[in-house]
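Q: I'm new to this structure and would like a close look at one part of it. Could you pick out the sheet and its surroundings in the second chain and walk me through them?

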Amino acid sequence: MTAMCDVAFLLLTFFMLTSNFTRKEPVLVATPSSVSEIKIPETNIMTVLVDPTGKVYFGIDGQDKRELLIEKMAATYKVTLTPEERKRFSLLDLFGNPMYAMKAFLNLAPDVRDLPQNNMGIPTDSTDNQFKQWVKLAREVNPDLRIAIKADEKTPFPVIKKVMKSLQELDENRYNLITKLETTPGR
Amino acid sequence: MADVSQDSGSHKKGGKKRSKKLPTRIDFTPMVDLGFLLITFFMLATSLIKPQTMEITMPSDKKVEDVDKAVAKASQAVTLILGKNDKVFYYFGKTEGAQVIETNYAADGLRKILLEKNFNIAKQVEDLKSEKIKTHMNEDVFQKKLGEIKANKNAPVVRIMATDDSNYRNLVDALDEMNICSISRYAIVDIDEQDLQLIRDKNI
């Protein structure tokens, strides 16, 4: 019976050493499959998440970079945030709210933050393209960022088009589309 | 395993008095329970799989020098229009007077057409891949040779136009086909009125 105990601890050690914690996402997205086998980079990555309803979420990695980013955004949109709120922001992997709702959002309890009614998505229309601003400032904060777009299979194309257009206007022409691996080519 | 017991007997040697040790039994089951709990936690909270990406490069918004812009021969131009409900239409050559044909994303649909059009290059890429396996080619050398094959001037050029009714999956599937059929040059372009007109009747 000691053998079973040993196996259990070996498995535990294996999992502790080889895996890494998954990022918590506001919405669960089913990405389409592709035969591409290029792996996603782990650092210096800017994630744009688009859910099936068309809401856009944005996030970068690196807590200190996030703090810098929110400071710049707050200055641009004239929103005052306390250091405590900025700290809370830097702990979020992804967020999807327009700037005017940011202060209220950061003051919500963590378990209600992911509810759909509290996430309105980042505006991408040409009158108020906050998304473009986020990308621009994120690029200033970290010039080595690589852009990765993660969208659901059923996301309607016009939303993606707006995102790609905003990126094109900022001269961001290289980006990655996150997909899951297709086991056999063809359905 | 559940218990460990110490030796309960002790020999009396030489008549010296030894205190009688009581057998102690320690139950280790809780430790194993904790072990399994931790395993379950790690299995659920972490992930071993890294999601894959597709790299795409879009054409720049700025004006490109005419010298660099490769002129696409009408005979080599393929236009794909992504419609709604997973329909895809294609035509060869210029937009005026084009014959639009409907197809789908299955292996016998779009892929068949593209492989036929791109036959020479696709065959060369296949040969290169089998050569790579046989001769254990270096990855950089493989990429360089792949680039050379794809730089062929007679390669078909594909334009992908997605209508507003299509979804992201259609776009990724179309890009995937580019990859599978080894199409060297492709671009995602905005759809215009002429092309919309072409598929208007069929895209219901």
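A: Here is a walk through chain B, with a short stop in chain A at the end.

Keep in mind that this is a predicted model. Let's start with the overall picture: chain B has 6 helices and 9 strands. Of its 204 residues, 23% are buried. If you take the contacts in chain B with a separation of 6 or more, 62% of them come from residues 24 or more positions apart.

Now for the sheet. In chain B, 5 strands line up in the order 7-6-5-8-9, making an open sheet with mixed pairing. The edges are strand 7 (101-103) and strand 9 (185-189) of chain B, each of which pairs on one side only. From one strand to the next, the twist averages 25°. As background, strands of a sheet pair through backbone hydrogen bonds, either parallel or antiparallel.

Zoom in on the edge with strand 7 of chain B. Its partner is strand 6 (residues 88-92) of chain B, and the two pair in the antiparallel sense over 3 bridges. To find your place there, look for B:Phe89, which stands opposite B:Glu102 in strand 7 of chain B.

Next, try a single residue in a helix. B:Leu114 sits in helix 2 (residues 110-117) of chain B. Is B:Leu114 buried or exposed? There are 23 other C-beta atoms within 10 Å of B:Leu114, and 20 or more is the cut-off, so this residue counts as buried. Leaving aside residues up to four places away in sequence, B:Leu114 touches B:Glu177, B:Cys181 and B:Ile183. You can also check a distance: B:Leu80 is 34 residues from B:Leu114 along the chain, and their C-alpha atoms are separated by 11 Å.

Last, hop over to chain A for a pair of helices. The axes of helix 2 (residues 63-76) of chain A and helix 3 (residues 83-90) of chain A come within 8 Å and cross at roughly 130°. That is why helix 2 of chain A and helix 3 of chain A are oblique to each other. On the helix 2 side of chain A, the contact is made by A:Gln63, A:Arg66, A:Glu67, A:Ile70 and A:Glu71. Helix 3 of chain A brings in A:Arg86, A:Phe89 and A:Ser90. Sorted by type, the residues of this contact come to 2 nonpolar, 2 polar and 4 charged. As for handedness, helix 2 of chain A passes helix 3 of chain A in a right-handed crossing.

How values were computed
Residues numbered from 1 in each chain as written. Chains lettered and ligands numbered in written order. Predicted model: local features only at pLDDT ≥ 70, side-chain atom pairs only at ≥ 80, totals over all residues. Axes fitted to C-alpha atoms, helices over the stretch in contact; angles between N-to-C directions. Helix = DSSP H or I, 4+ residues; strand = E, 2+ residues; numbered from the N terminus. Parallel < 35°, antiparallel > 145°, perpendicular 65-115°, else oblique. Left-handed = near helix turned anticlockwise from the far one by under 90°. Contact = placed C-beta atoms within 7 Å. Nonpolar A, V, L, I, M, F, W, Y, C, P; charged D, E, K, R; others polar. Buried ≥ 20, exposed ≤ 12 C-beta atoms within 10 Å, placed from the backbone. Pairing = 2+ DSSP bridges.
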